[in-house]
Amino acid sequence: MKSIYSASLAAIIVALSCAVQGRAVTDSFQDGVEALNEKNYAKAIDHFTQAMQDFPNNFALYLWRAQAYLGANDYDKAEDDYAQAISLNPLEPDGYIGRGTTYLWKKDYDKALVDFNKAIALDASDSDAFEGRGDSYHGKEDYQKALSDYSKAIELNPNSTTSYLGRAGSYFQMKDYDKALADCSKAIELDPKNSQGYVARAGTYFFKKDYDKALIDCSKAIELAPKNPEVYLSRGRTYTWKEQYDEAVGDLTKAITLDPKNATFYVDRGSAFYKAENYDKAISDYRQASQIAPKNIEAHLGLGGAYRKKGLFDQSSAEIAASLRLEPENKNALAGMAWFLATCPEAKYRDGKKAVEYATKSCELSRWDDDSDYEALAGAHADLGHFDDAVKWQKKALKVSWLTKKELERAKERLKLYEDKKPYRETVKP
């Protein structure tokens, strides 16, 4: 997706527009371009605003200031500037592409589609318009249409790394991991210094359970972008799934150091501590995440799980209930409540009938695919004494892709319990 014009193109666009008015390009504009390329967005905004005082009807200046607002994450002002550029020159597709991009950042995918469609109608040879529309369809989870648009963008611009990465993302969501890997590799070939290509390929290797290759790509991404906390998050998650918890905590701590206000990093480090059975540290991180982002579902669910493991069942129930109040249709929250109601060692907290309802709803939201929480459904049926159903769903649980080796062994132990017509009860570690 086009985000910032080149300085040379900017000079041409603005100079031509100014020439029509019989005026010369101002230093303010050139200073604004320089500041934008240096990612000094506040200074760029000031310079472009100054240039507008000399050329108030120059549509290109609005396009450029909108780019600076985008860089500063001020999406409302960016949207306003793109709208002004469109009003001044409604036949220029870049205004629609820019505003569509702003809508993408705001996750208003329907409005983004309208603008990208308009841009394509004006210029069907603009690869950025097709890529943007692909991003819109991807956001709406219409991955087949997204693939079509990304492929068209690649046809128009075979050297676009972002189009390949976009198409890789759609292939990934459709679980066509081999094609996703091919597109990630092509993006890396086109731009070997772009860390995002390695992060994307690492994520694909991760879901193919090729953790060693994922680690290699994560490490390369860190080499290229050592100050980007997201690359440490990616490698930290991989270490967690390899059950190398010390290494995971180290990377996630680095991510937190680089961005201490990001709740996701605390959630992931909490999960590493949780899997390492260090529940006190897990609780500390989950609490920190929930303080930073009170509506973070995973923070509440993490607290619920850690409290449950310590035998603090009132607190556990309260945290899971909080997650459901925030998102009643969240499949992880539904599965979490089902697991609590089905497996709590204290009988007063158990309710197998409700557990089946929650677990069934969770699986329905997952379309009964690889992301479904069959474990919760199996445990719920076992609590009710429906052991044939429990065995059926537990066998399905053994085939899902996201279980670590230790979790897989424990899942097998639960299957043996159900085959012996015994329910599972959660163990407690005070």
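Let's start with the second largest pocket, which holds about 150 Å³ of space in this predicted model. Empty space like this shows up when a probe the size of a water molecule is rolled over the atoms. Around the second largest pocket you'll find Lys209, Tyr211, Trp241, Lys242 and Glu243, and, from further along the sequence, Leu403, Thr404, Lys405 and Leu408. Sort that lining by class and you get four nonpolar residues, four charged ones and one polar one.

Keep Trp241 in view, as it takes us from the pocket lining to a helix pair. Trp241 belongs to helix 14 (residues 229–241), whose axis comes within 10 Å of the axis of helix 12 (residues 195–207), and the two cross at roughly 15°. Angles under 35 degrees count as roughly parallel, so helix 12 is roughly parallel to helix 14. The crossing itself is left-handed. On the helix 12 side, the touching residues are Val199, Ala202 and Phe206, and they meet Val231, Ser234, Arg237, Thr238 and Trp241 of helix 14. Five of the residues in this contact are nonpolar, two are polar and one is charged.

Now move along the chain to helix 19 (residues 313–326) and helix 20 (residues 331–343). Their axes lie 9 Å apart, and they pack at an angle of about 155°. With anything over 145 degrees counting as roughly antiparallel, that angle is why helix 19 is described as roughly antiparallel to helix 20. Here, too, the crossing is left-handed. Helix 19 brings Phe313, Ser316, Ser317, Ile320, Ala321, Ser323 and Leu324 to the contact, while helix 20 supplies Ala333, Leu334, Gly336, Met337 and Phe340. What classes do the residues of the contact of helix 19 with helix 20 divide into? Eight are nonpolar and four are polar, with no charged residues.

Technical notes. Residues are numbered from 1 along each chain as its sequence is written. This is a predicted model: local features need pLDDT of at least 70, side-chain atom pairs count only at pLDDT 80 or more; totals for chains, interfaces and linings use all residues. Side-chain values use heavy atoms; hydrogens and water are left out. Axes are lines fitted to C-alpha atoms, for helices over the stretch in contact, and angles run from 0 to 180 degrees between N-to-C directions. Helices (H or I, at least four residues) and strands (E, at least two) are DSSP runs, numbered from the N terminus. Angles under 35 degrees count as roughly parallel, over 145 as roughly antiparallel, 65 to 115 as roughly perpendicular and the rest as oblique. A crossing is left-handed if the near helix is turned anticlockwise from the far one by less than a right angle, and right-handed if clockwise. Contact means heavy atoms within 4.5 Å. Ala, Val, Leu, Ile, Met, Phe, Trp, Tyr, Cys and Pro count as nonpolar, Asp, Glu, Lys and Arg as charged, and the others, Gly among them, as polar. On a 1 Å grid over the protein atoms alone, a cavity is a set of points where a 1.4 Å probe fits but cannot get out, and a pocket is an open set with protein on both sides within 12 Å along at least five of seven lines; lining residues have an atom within 4 Å of a point. Grid points are joined across faces, edges and corners, and a volume is the space filled by probe spheres set on the points.
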